[in-house]
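Reader: I like to know what stands behind each label in a model. Please take me through this one and set the values against the definitions.

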Amino acid sequence: MTNPATHFSHAISRRPGASVTGGLRAEDRGAPDPARMQAAHDTYVATLRSTGAEVIVLDPLEEYPDALFVEDTALCLPGGAVMMRPGAPSRMGEVAQMRPTLAALFEDLRDIQGPGHIEGGDILFTGREVLVGRSARTDAEGVAELRTILNEWGHPLRELQTPEGVLHFKTDCSLLDPETILSTRLLDSSDCFDGYRVLHLPEGEEAAANAIRFNDVVLLPDGFPKTAEMLTREGYDLRPIDNTDCALLDGGMSCLSLRFNA
Ligand code: CIR
């Protein structure tokens, strides 16, 4: 039996546009290079496809510099999909751009209507529950609205806190298998992963926390040798992906796709 939190038939991704240089960032460490970013994105999509999944690649949206971070626009689960309501005003319009693609794939498609806000980057589905971290982008009203929908679909939701100064809950953690979470010590110190096996990012490699388990492989940002060694030792089949340019916009492996079974 494959687990719907780690095994997927489909993914959706969106190519970066030239406007990606104007994407949101907490700290300006320079603009990403669109050509190099596109090359890394191509490798990312090819890696997802190499597992046998069908990957839908959408065209860039120049009016939305952050639109390649599709994960924040929707939550896809067994049972249905939910369109999010981003807390970043400049990203709100991305949701309507994603909606038709999901409407063609999901019979049950819901919308977070507000007034609250919630972004997909703050949500980790582990198979047994949905963990949601409140953050500067995700507030209590947004979480409450999602909870009402998930109750109907039979998915328990546990509300947590994304650490101060961390963009999204999943900036600091990833699901490696249904029992195992890769987490920064900072996030795990709140005991939010009780009941799971937790692997801590080696000191100095916290930026590798946003990885994804996708079918039988783990996509991990390149350039984190201690993390790669630890995960290889644990038996995971790693695919290192160049994350240099996404990292300049506080993005990682999970943000670049929506993953689901259809
Ligand atoms: C933003 O600040 O919204 C984008 N520059 C990065 C979004 C990353 N998304 C994610 O972690 N799910």
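Reader: What makes strand β7 (residues 130–134) largely enclosed by the rest of the structure?

Author: Of the 5 residues in strand β7, 4 are buried, so the strand is largely enclosed by the rest of the structure. Buried here means under 20% relative accessible area, exposed means over 50%, and partly exposed lies in between, with a 1.4 Å probe and protein chains only. Strands are DSSP runs of E with at least two residues, helices are runs of H or I with at least four, and both are numbered from the N terminus. A word on the basis: this is a predicted model, where local features need pLDDT of at least 70 and side-chain atom pairs count only at pLDDT 80 or more, while totals for chains, interfaces and linings use all residues. Residues are numbered from 1 along each chain as its sequence is written, and side-chain values use heavy atoms, with hydrogens and water left out.

Reader: How do you know that strand β6 (residues 123–125) and β7 pair?

Author: Two strands pair if DSSP finds at least two bridges between them. β6 and β7 have 3 bridges, in the antiparallel sense, so they meet that definition. One of the partnerships joins phenylalanine 125 to valine 130 of β7. The hairpin of these strands has 4 residues between them, and glycine 127 takes a positive phi near 100° there.

Reader: And on what basis do β7 and strand β8 (residues 157–161) pair?

Author: β7 and β8 share 5 bridges in the parallel sense, so they also qualify as a pair. Arginine 134 has glutamine 161 of β8 as its bridge partner. The chain gets from β7 to β8 through helix α3 (residues 140–153), in a right-handed β-α-β crossover. Right-handed means that, with the strands pointing away from the viewer, the path from the first strand over the helix to the second runs clockwise.

Reader: Which helix belongs to the β-α-β unit of β1 and β2?

Author: Helix α1 (residues 34–49) does, and with β1 and β2 it forms a right-handed unit. Strand β1 (residues 10–14) and strand β2 (residues 54–58) pair in the parallel sense over 5 bridges. Among the partners, isoleucine 12 sits opposite isoleucine 56 of β2.

Reader: Why is tyrosine 44 counted as buried?

Author: Its relative accessibility is 0%, so tyrosine 44 falls under the limit for buried. Tyrosine 44 is part of helix α1.

Reader: What about leucine 160: buried or exposed?

Author: Leucine 160 has a relative accessible area of 15%, so it is buried. Leucine 160 belongs to strand β8.

Reader: Which residues come nearest to the ligand?

Author: Asp66, Asp72, Arg91, Arg137 and Leu249 come nearest, out of 13 residues around the ligand. A residue counts as near when one of its heavy atoms lies within 4 Å. The shell divides into 5 nonpolar, 2 polar and 6 charged residues. Nonpolar covers Ala, Val, Leu, Ile, Met, Phe, Trp, Tyr, Cys and Pro, charged covers Asp, Glu, Lys and Arg, and the others, Gly among them, are polar.

Reader: How do you know that aspartate 66 makes a polar contact with the ligand?

Author: A polar contact is a pair of N or O atoms within 3.5 Å; within protein, one must be able to donate a hydrogen and the other to accept it, and residues adjacent in sequence count only if both atoms are side-chain atoms. A polar side-chain atom of aspartate 66 is 2.8 Å from a ligand nitrogen, so the pair qualifies. Glutamate 71 also places a polar side-chain atom 2.9 Å from a nitrogen of the ligand. For aspartate 72, the distance from a side-chain N or O atom to a ligand nitrogen is 2.8 Å. The protein covers 99% of the 350 Å² of accessible area that the ligand has on its own, by the Shrake-Rupley method with a 1.4 Å probe; for residues, only the protein chains shown count as cover.

Reader: What does the side chain of arginine 259 reach?

Author: The side chain of arginine 259 reaches the backbone oxygen of serine 254 at 2.9 Å and that of serine 257 at 2.8 Å. Arginine 259 lies in strand β15 (residues 258–260), and its 15% relative accessibility makes it buried.

Reader: Why do phi and omega values deserve a look?

Author: Most residues other than glycine have a negative phi, and most peptide bonds are trans. Asparagine 215, however, has a positive phi of about 55°, and at 8% relative accessible area this residue is buried. The peptide bond from glycine 114 to proline 115 is cis, with omega near 15°. Proline 115 is in the loop between β5 (109–111) and β6.
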